[in-house]
Amino acid sequence: MSLLKKSAVELVSLLRDGELTSADLTRAYLNQIEEHEGTIQAFLHVDREAALQQAEDLDRRRAAGENMGPLGGLPVAVKDLLCTRGVTTTCASRMLENFRPPYDATVIARLKAAGAVLIGRTNMDEFAMGGSCENSAFQTTKNPWDPERIPGGSSGGAAACVAAAMAPLSVGSDTGGSIRQPAALCGVTGLKPTYGRVSRYGLVAFASSLDQIGPLAATAEDVALLLEVLAGHDPLDSTSIDAPVPRYIETVRQPLEGLRVGLVTDHLAEQLDPDVEAAVREAVRVYESLGANVEEVSLPHSRYGIATYYVIAPSEASSNLARYDGAHYGYRTDESALQAELAAERAAAQSEQEEARLDTPLVRMYRKTRSEGFGAEVKRRIMLGTYALSSGYYDAYYLKALKVRRLIVEDYRAAFQKADVLLGPVTPSPAMPLGHFKDDPLGMYLTDLFTVGANLAGIAGISLPCGQSREGLPIGLHLQAPPLEEERLLRAAHMFQTATDWHRRRPDFVASED
Amino acid sequence: MSELPYKIVIGLEVHVQLATQSKLFCRCSTQFGAPPNTQTCPVCSGMPGALPVLNREAYRMAVRAALALNCEIPEFTKWDRKQYYYPDLPKGYQISQFDLPMSQHGHLAISDPKNRFEPKRVGIIRAHLEEDAGKSMHDEQAGTADSRIDLNRCGTPLLEIVSEPEMYSPEEAKAYLTELKLLLTYLEVSDCNMQEGSLRVDANVNLHIPDPEAADGPPIATPIVEVKNMNSFRAVERALHYEADRQWEVWQESHQRLGDVPKQTRGWDENAEITRGQRSKEESSDYRYFPDPDLVPVVMSAKETAEIRNQLGELPAALRKRLEETYGIKPYDSDVLVNQGRALVDYYIELAEQCGDGKLASNWVQQDVLRLLNEREISIDDYAVRPSAFAELLAKVQDGKLDTSRGREVLAEMIEAGLSVADAMEKLGIAEVDDSELVELCQSLIAANPKIVADIQAGNLKAAGALIGQAKKQNPNVNPSRVRELCIELSSEAS
Amino acid sequence: MSLSASDVEKVSLLARLLLTPQEIEALTSQLGQIVEYVDQLGEIDTEQVEPLAHAVELVNVWADDEVRPSLPRDEVLSGAPHRDEDSYLVPAVLGD
Ligand SMILES: [Zn+2]
C-alpha cells in the first residue's frame, strides 16, 4: 500500500531500475480503485484486463532492453473527453454513451509513446461544462476528503482519483478553471498550460479558443513529469505553438532567484471565504521566507471575467456541439416514436398553416435527439451561446466580449511587467456540499471568478495545495505566469512544496492505509 | 431586346471546386467518383475532437483566381463558421469567410463575338474560400424512405465568386460564365466541370421597370428571386429567359416590389423547362457567423501578393489581343482559338510562326484541326501532326503547289498513316505538274471548248471554272488557280 | 436586455432543441438572469478596442497539399446510428 503514497517521480525511478514492475504497480492502483470507487466514483470506465495487458507488454519490453519512455510503465488516468481509438469516449454524456473514436487524440498517442498505462477514464461534467461533476450524465464523483461534498469540475474525476491514490498521474482539461478548481478542492496539484502548448487534436471541444489539456498529480515535480510528455507542437492543431518543450523535470527543483510575486489584490477583495484568504496570505509569507519579493498588483478588468467568459465559452460551445445531431454518430432518438408523434401532431393540426409549421421529420429528429441526449446544463449553455450569436445580438454580446477579452489580456501584460508570477486564491471557498448550486446556475458560474482570466488570456496557471479549512478541506493556491512560462510556474510551485507539506496530506482513508 | 417593357437584372454566384489533390482542411483525396464514404477522415466527417488545418495550395489557387479577376487581396483574412443543420454538413457548420473575405472589388470583362451586347466589365463583389458539403441522395420513388449521405465531397475547397447584379440579359450572363470558366481553366485552378459539380451557378434575378408615374425617376425593382439547379450554361440561359417572362407576368398581376415579400428561391426544372418555387425555412437566414476558433488568420503582404500576380501567366483577354495584333486575325477568330484553351493556342502560335501567315494558320486550325479534335474527342496534345509538319503542308498550299482540297487529302494521309508531307503526297500520287506540261494541257482545252473561250472573251471570267474541272479530270495534280490563270491568258491570246 | 419565453422558444429551434413548457419557463428566468449579469459589459468603453478571438495570435498555419490515406469506410460508419453498406441514413431530407 505504501507504494501508492510514493510520488510519480519516485515510481518511475523504481520502474526504471527494475525494482518494480509496471504490472505490480498497475495492480496496486487497480486494487485501490476497486476498494474505494464505490464511494468516490471517479471513473466512468476502468478496463482492468486491458490495463494489465498494457503493463505486462511494457514490462516485457523493459525486459528486452527497450527504452520505456519517460513514463516507463506508470499508470495514467485520462479524462473521458480525449478520443482514444476503439475505447468508448463519452464526455459523460448520453449523447456519446457508445461512441468509440476511430482515432487517437495527439495527447493519447504521446502518452502511449511515453510508456503510460492508460488505467481508466475519469468522470467529468458533461462536455466539461460545470464545476462539480454533478452534470455528469452517469454519476457524481465525491470529494475524497468528504464524500458529502463536490470534488469540483469539470475534471472532478481527474482530481479525485489522484487525491484518492487511485492513479499517480491524471490528464484533465481546463476551459475556465476545470483543472485548477478541482485540483484545489481535492488537494492536488494541477496545471493549465499556455493556450497552444498542448495539442487539442482529439480533445472533444467545449470552447475551442479556451480549452487546454493539462496534468494533475500530487506534486509539482509529478506535474512536470507529465507536462513534458503532453506538451509540444502538433501540425494537426492549427492553434498549437511551435516552440521547443523545456525539460521541465530537469529544472523543476531549481529555486527561482529573486522571484517577484504579484499578489492579485482584486482577487482578495472579492467575497472570499476567510479560511481561503488566511491560507493565501500565509502562502505570501512562505514565499517571502523563501526570498521572494511580494508586491500587490491589480487586474482591473478581472471583475468582468465571468461575464466575458460566459459569452465566449457558450457561444463557441453552441457551435462545437452542433455536430451532435444524431446523423453520423452518437445517440439518435427512437425513429418510430418520432414518426408517431409527428403523425399525431398532423392529425391534431387545425389548419394547413398550422400543419405547415410542424417540424419536418429530419428537424424533429435533430431536436428530439439533442433534447434527449444532452443534460440540463449543456442545453442551458447551448441556448445561451445560440442567443449570443444570433442576429441582432452578436455585436452586443459576442463582439463586445471579444473586446473586453483584449482588455483582460492587456491587464495581464501590465501585471507581468511588475511580477514574474501572479498569486491568489483558486476558488472563493473550499468544496461546497453536493447539490449546493442546484437551480442556481449563475451562482455556480461565479465560482470561476479567479480562474477564467488565465483561459481568456491564454496564459499558464497552476493550482497547488496551500492549506486546509476549519472543516479540514483542502485550499488551493493559484499561480499564473506569462505564455510559455510553465517552467517558471513549476519551479515556483516546487519551491513552495519544499517549504510546506500541504501537498503530502491525504484524505484519512488514504493516509491510514499502508 | 430593347423593345422589352423591362430590364432584366442578373447577379451570379458561382461556386468552383479548386483542383487541389487534398481537401481544404484535411488530407483526404478530392478525386471525383470514388465509392461513397471512402474519402473521409475524422476531420471531414465532423468527428468529435478533430481539427482543421488549411491547405496551402488551395489558398494559393484562390489568390491566383482572385487576382485574375482583378480583385483586391486584403493583407488580413480569417475563417468563419456558417451555422446550419443539414445531414451533408456533419459539423453543423461550414467553414467559410464572412466579413473579411480573402478578396473583393474585382471585375471580369465580357464581350460578344455576335455583338448582341456591347463589351463591358461585370463587377465582382467578392471571392472567398470555403469548404464544400457532402451529398445527400434521396430515392423519390421510395417516398418516405431515408436519405443516404455520402461525405466524400465534404471539405473539398470551393471558391465562391459573387458578381454585382450587372448583367442585363441571359446572353450577358452566359458570356460571363463562359469567360469565367475559361479564365479559371487557364489558371489551372479548376477543371470547371459542371457535370461533376466542379462549377455550380446560382442566379439572382429581378426586373427593373420604368416607373410610369415618374418617367425620369429610378425604375421600379421587382422582388429578387434566387434561381438554383441549373446544370449547364445553356440551362442558365434558358432559366433566365423563363424567369424574366415569369416575373413580368407576376408583376403585371401583383405589382409587388422589392422588399414587399421575402426573397424567394426557385429551382430550374430541366425537363419541364420552368422554375419551381422551393420551400424556404423561416429561420434559415440566421447563420450565426463567428470566427472559427480552430483556425488562425492568414496574413499576406502586398509583396507576396505581387509575387503571385507575376506568376499568373498570360490570361485569355491579353492572349486574344496578342493573337489579333501579332497574327492579324479577327476578334472572332482569336476568340474561337483562345476559348479552346492554352494548349491549342500554343499549337496555333507555333504554326502561325512557322508558316508566316496567321490567317491561313487560323483557318486551317479552326476548320481542320478543331473538327477532328471534336469528332474524336481528343486534345491537341494527341493530334498526330505537329506544327512543323503542318507548316510544311501549308507552305505547299501557299505557293500553289496544293489547292485546299488536295491539301486536306494530304493532311488526312499524314494523320492516318503518320506520313510526312512528301510521303503523303507521293502516296496520293501527287506530283508537281511542270508548267510547260500545263500550258500544253490548257491549249488543248481551249481548242476543244470554243464556246467557253467565247464567254471568257466576252468578259465572263467565271466560265473558266468549267475548264479547271476538265483539267483536273485529266490530271488531278494540276493547280487549279494556275489552270485558271493560263486559260484566261490563252483565251485572250486566241482572239 | 430581457428575454421572453417566445425568444427562448425561437432560440430553441435555432439550436435544434425541443423544450418542454417547464424547461422554457425555467430557461427564460435563468437565461434572463445570466444575460442581465452579462449586460454589465456595457459599462466598459471598448470604442477603441480591437476584438480578440485568440489569446495567442498565430497566423499562417498551413498543411501541404498531399493526400494521406482516409479512414476505412467501415470505421467511419461504425458509429452511425443508422446506415446501409456504404452510407449514413437519415430521415428524408426532401421537404425540409
Ligand atoms: Zn478528411
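## Domains 1 and 2 of chain B

In this predicted model, the C-alpha centres of domain 1 of chain B and domain 2 of chain B lie 38 Å apart. Chain B is divided into three domains: domain 1 spans 7-307, domain 2 spans 312-428 and domain 3 spans 435-494. Between domain 1 and domain 2 of chain B, nine residues of the former are in contact with 14 residues of the latter. About 920 Å² is buried between these two domains of chain B. Carbon and sulfur atoms give 70% of that area. On the domain 1 side, three residues stand out: B:Pro113, B:Leu182 and B:Tyr186. They supply 56% of the area that domain 1 of chain B buries against domain 2 of chain B, more than any other three residues.

The rule finds one salt bridge across this interface of chain B. B:Glu179 forms a salt bridge with B:Arg320, and the closest N and O atoms are 2.8 Å apart. Three residue pairs are in polar contact between domain 1 and domain 2 of chain B, both residues of each pair being at pLDDT 80 or more. Two helices of chain B, α1 (56-68) and α2 (170-186), each supply at least two residues of the side of domain 1 that touches domain 2. The largest share of that side, four residues, comes from α2(B). By type, the residues on that side of domain 1 of chain B divide into seven nonpolar, no polar and two charged.

## A loop position in chain B

B:Ser379 lies in the loop between α8 (358-376) and α9 (387-398) of chain B. Is B:Ser379 buried or exposed, or partly exposed? Its relative accessibility is 33%, so B:Ser379 counts as partly exposed. Buried would require under 20%, and exposed over 50%. B:Ser379 and B:Gly341 are 38 residues apart along the chain, and their C-alpha atoms are separated by 10.0 Å.

## Domains 1 and 2 of chain A

Chain A is divided into two domains. Domain 1 of chain A is made of two segments, 3-262 + 485-511, and domain 2 of chain A covers 326-373. Their C-alpha centres lie 42 Å apart. The contact takes six residues from domain 1 of chain A and seven residues from domain 2 of chain A.

The two domains of chain A bury about 440 Å² between them, 69% of it on carbon and sulfur atoms. Which three residues supply 85% of the area that domain 1 of chain A buries against domain 2 of chain A? They are A:Arg94, A:Met95 and A:Phe99, and no other three residues supply more. The rule finds zero salt bridges across this interface of chain A. It does find three residue pairs in polar contact between domain 1 and domain 2 of chain A, with both residues at pLDDT 80 or more. The residues on the side of domain 1 of chain A that touches domain 2 of chain A divide into three nonpolar, one polar and two charged.

## Chain C against chain A

Chain C puts 53 residues in contact with 65 residues of chain A. The two chains bury about 5,500 Å² between them, and 68% of this is on carbon and sulfur atoms. The rule finds three salt bridges across the interface of chain C and chain A. In one salt bridge, A:Lys379 pairs with C:Glu23, with the closest N and O atoms 3.2 Å apart. Polar contacts between chain C and chain A number 19 residue pairs, both residues at pLDDT 80 or more.

Three elements of chain C, α1 (5-14), α2 (21-38) and β2 (88-90), each supply at least two residues of the side that touches chain A. The largest share, nine residues, comes from α2(C). The residues of this side of chain C divide into 35 nonpolar, 10 polar and eight charged.

## A:Arg332, facing chain C

A:Arg332 is found in the loop between α11 (305-320) and α12 (335-348) of chain A. A:Arg332 counts as buried because its relative accessibility is 10%, and the cut-off for buried is under 20%.

What joins the side chains of A:Arg332 and A:Glu335? A polar contact of 3.0 Å does. A polar atom of the A:Arg332 side chain also lies 2.7 Å from the backbone oxygen of C:Leu89. Leaving aside neighbours within four places in sequence, A:Arg332 is in contact with A:Gly326, A:Ala327, A:Met365 and A:Thr369 in chain A. In chain C, A:Arg332 is in contact with C:Pro81, C:His82, C:Leu89, C:Val90 and C:Pro91.

Key: Residues are numbered from 1 along each chain as its sequence is written. Chains are lettered from A and ligands numbered from 1 in the order in which they are written. Side-chain values use heavy atoms; hydrogens and water are left out. Contact means heavy atoms within 4.5 Å. Buried area is the accessible area (1.4 Å probe) that two parts lose on being put together, summed over both. A salt bridge is a side-chain nitrogen of Lys or Arg within 4 Å of a carboxyl oxygen of Asp or Glu. A polar contact is a pair of N or O atoms within 3.5 Å; within protein, one must be able to donate a hydrogen and the other to accept it, and residues adjacent in sequence count only if both atoms are side-chain atoms. Ala, Val, Leu, Ile, Met, Phe, Trp, Tyr, Cys and Pro count as nonpolar, Asp, Glu, Lys and Arg as charged, and the others, Gly among them, as polar. Domain bounds come from an automatic or database domain assignment. Buried means under 20% relative accessible area, exposed over 50%, partly exposed in between (1.4 Å probe, protein chains only).
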